Amino acid sequence: MLQTRDLIWTLLFIGCAASIQVQITPTQGEISVGESKFFLCEVVGDATDIDWYAPSGEKIVSSQDVFVSRTDESTSTLTIYHATVDSSGNYKCVAKSADKEAQATVQVKIFQKISFKNAPSLQEFNEGDNADIVCDVVSSPPATIFWKHKGAKIHVAKDVRFKIMENAHLQIRGIKKTDEGMYTCEARVMARGEIDFRAIKVVINVLPTIRIRQAEVNATADIGTSAMLACDADGFPEPTVTWARNNVVLETDEKYSLNEDGSELLIKDVTKVDEGDYTCMAKNKAGEKEEEVSLNVFVTPRITYLNNQTASELQEHVTLTCEASGEPTPAITWSFGPRVFTEREQASWTRPDTYESLDGNVVVRSDARVSSLTLKYVQFSDAGQYLCTARNPIGQDSKNMYLEVRYSPKIQGPVTVYTWEGNSANISCEVLAHPGASVVWFRDGQQLPSANTTNIKIYSTPTASYLEITPESQNDFGSYNCTATNVIGSESKEFLMIQAEVPSAPTVEGVAPFSSTAMVNFEEPDSNGGVSVLRYKVDWRQPGQDWSSREFEVETGTNQIILTGLKPETAYEVKMAAVNGKGDGESSPSTPFTTKPIPPPETSTPSIPPPTTLPLKGEPSAPKLEAKVQKKGNALKVNWVKQDDGGTPIKHYLVRYKPKHVSDWRPEIRVPHGSDHVLLQALDWNTEYEVYVVAENQQGKSKPAVVSFRTAMQPTAIPEVGGSGLGTGAIVGILMVVFLLLLVGVDVTCYFLNKCGLLMCIAVNFCGKTGPGAKGKDIEEGKAAFTKDESKEPIVEVRTEEANPPTQDGGAPTEPSETTPLTEAEPTSPDTTSPVVNSLPTAASNSTPGASERNTAAAVESAKSAAEASLPASAGSKDSGPAPAGATSSSTPDVGPLVDLSEGASLTVAPPKAATAASEPDAKAAEPKESTGSPSTASTAQADIKVAIDDKANANDAITKEANATETKEVKEVDAVPNSTTEVKTVPNEAPVANGNESKA
């Protein structure tokens, strides 16, 4: 392309060598507002100047918006920066060379792209307003605007509420909450096919509405209570709630408290000044709404004025005043003891109310919060405490005031007193007076007591004086004067003492007989003689027989007496007399009656009817019941009193009970006839029970006696501090632990004292310790302590010692040696026969059964038996003191022959030394004595037999026979000395030789 252009320029230059040509590239340009663009002006030919001219014809001088630059001699560049609408027009490039000039023009067009100058993305409107959704678009040429709602194009013709304004805004008349959402403003330029849009969020705000929970709130003042005022506000956005009173906004402080959203206002410690209207205000973007809540404060009545007063009797009048506060206005009433003075209508400021008593003496006036009580004529009986009470619907208040009336004495008391000679009686002179009065007694003008009266005494109290008289004769009866005096005045009164008489006869109205009892109904006597009747004396008998008598105490309200112990079908007569302190009165006329026969028994038990007091057909009467709830609260003791038995003895009582709300009876209880009560336990708490008690005799059952009662409330278990609070299981567990500890203590004691018990068993079996008495037992029974080397057999030594002769002084004991018994022997009776020699089994583990083993075992057992039998006799030698240095050979124990049964050894009997010769005569002398069983010989002989046996499995038969023969001989010697001391000691072969006796075999 470059070659083509160069060719064109070459041709033009050749063709027009003398002319200048100008060309602008590009030939025309369109620039969007704000954009930049340059134009190139190329000149063909020699040009001295190349200039650019604006559409206004002015030469363009480089500036910030338009810049002209000449790159070389033939080109010049025009640059337009940030084009505006004013930059449009025809720009001209002019080239000059001497007298020649050439020019070219270019048309620059400036256009406006779519631009949203005023289209807020969030637009808010109040519900019900005519909303104008703004969307201002700038473009050239002007753009066409379209509106969409939630992606759908809005058709104005379909909804008259929608309208597109001339400025392309969207108007919605009476906008609703449902119109809320996303709207789209879309702009189009058809000439350029340009399109753009903006999303607009439309929010509809709703004006707050207020709902008052309670338009009027009532509260009581001065009692520390609080009042709650509440209003609920709705709207969008959520409104802010505040409270105000008298145009002052309330905030949380010591008096007021608001919750988080402000809907609840708490007024603390309400007083009367808090009463009034409170405004609840709700505010949001849509606006503000207000509602009022009224607080009514009521005040409990309080008596503010009431004072004590003092008046004198017969004073013209006295007025008591009581003032009270409260809201609503309280009603004030007066009371004096049981009398209440009230107004007939609530008093007010404009209409006071007046109350006047029937006698016209008391007048009450009330005027709003003040009430007065006026006593026109004060009497002594008007003295005392008056109670003023103020009441309104909120509460009440009461206070007492005391009216003190000063009056002269008033004497009271019975005028007549009855007594008899020798019986003391009191005349009471009761005096009412303020201040207190002094009392003096007179008779016949003389003050009592006088020097001549010894049977009269006076007792005084602050309100009465008592004259005690013991009549001695008729002269002591008569009139007595009591005179009382104080600072106001005095008063006298006469009292009479009259001689009392015995009562008149009572009237027997009728007798209701039964088989063995009779009920006597009577009327009290017309005259009691001046003193009370104490008893009634009843006499009855069969015609022609002696009277039987019995006295009955007076019971108030009862005019019936029951006679018992009567015979069936028998005629009787009865009479009565009243008895008072003076004596027995006259008897009434006798009244006859006849008891009824005993009715036959019934075959069936009638149903339980209501209780009655009269027996039927010979059955007993129902007993009289009395119920007492016990201290536990759920136990009841039912006592009964036997009534008429129907002519035959009561066999037993039948008791049934149940809760009243339950239909089933508890199991029947049978109580013996001699009992008068039953104890019901483990009853339900706070439950009403009914109890039926029926008496039964041979004729049948009585009507049931019924008693009802209610058990106590169940007590609340309060655990005591430091108390046990242990259940049965815990107590049993503690007892078991204590028992085990006792067993362990006993076992430990046995272990240390007697070497026995469970601990000793554990020590022997698991710890390898020697059991109690093991050493002595092995010595006594001839058992050896084996070593671990089983090839070495034990040596059994048998030694016979004679006891010291009884002729020695003190019986000094022999010095202990290895053959001295380690335990004391039990004493035996003098007539003990020869010990039985048992077989002692060999202890060698490697011996072979045979004749030798059996013979050896027999010898050892014989020695064992002899040793056991002779142990008691050794006690004397053990207890003896040590032998003197110069003792004779008779005190030295004789040593028997040693027998060695070891393999290859010949049987030899080694005679003892000098002691052997000395002991043989004694042994020979002892044999005939033993046959006769002489006890003296047994007491002087002691034997200590020591047999050493070394038994092996391969011993020859000859040696065994000789050993058996020798052992048999030794056993016979033992039999010859029954009371000798025998010791069997087992010594292992491996033990070191201690005294040389073990090597003598």
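A residue counts as buried here when its relative accessible area is under 20%, as exposed when that area is over 50%, and as partly exposed in between. That cut-off gets used a few times below, and the model it is applied to is a predicted one.

Let's take the aromatic rings to begin with. Searching the whole structure turns up ten aromatic pairs. One of them joins Trp441 and Phe495, whose ring centres sit 5.9 Å apart with the planes at 50°, so this pair is classed as tilted. Trp441 belongs to strand S38 (residues 438-443) and Phe495 to strand S43 (residues 490-499), so the contact ties together parts that are 54 residues apart in sequence. As for solvent, Trp441 and Phe495 are both buried.

Trp665 and Tyr692 make another tilted pair, at 4.8 Å centre to centre and with 55° between the planes. This one also links distant parts of the chain: Trp665 comes from the loop between strand S54 (650-659) and strand S55 (669-672), Tyr692 comes from strand S57 (residues 688-697), and the two are 27 residues apart. The partners fall into separate burial classes. Tyr692 has a relative accessible area of 17%, so it goes down as buried, while Trp665, at 27%, is partly exposed. Trp665 has a charged companion as well: Lys658 lies over the face of its ring, 5.3 Å from the ring centre.

A similar arrangement of charge and ring turns up with Arg188, which lies over the face of Phe146 at 5.2 Å from the ring centre. Rings also gather in a cluster, where ring pairs link Tyr657, Tyr689 and Phe709.

Now for a sheet. Strands of a sheet pair through backbone hydrogen bonds, and they can do so parallel or antiparallel. Four strands make up an open sheet in the order S2-S8-S7-S4, and the pairing is mixed. The edges are taken by strand S2 (28-32) and strand S4 (49-53); each has a single partner strand, so one side of each is left without a neighbour in the sheet. From one strand to the next, the twist averages 20°.

At the S2 edge, the partner is strand S8 (residues 100-111), and the two run parallel, joined by five bridges. Within this pairing, Ser32 stands opposite Phe111 in S8.

Definitions and conventions
Residues numbered from 1 in each chain as written. Predicted model: local features only at pLDDT ≥ 70, side-chain atom pairs only at ≥ 80, totals over all residues. Heavy atoms only, no water. Pairing = 2+ DSSP bridges. Axes fitted to C-alpha atoms, helices over the stretch in contact; angles between N-to-C directions. Phe/Tyr/Trp six-rings, centres within 6.5 Å; stacked < 30°, edge-to-face > 60°. Buried < 20%, exposed > 50% of the residue type's maximum accessible area, 1.4 Å probe, protein only. Lys NZ or Arg CZ within 6 Å of the ring centre and 35° of its normal.
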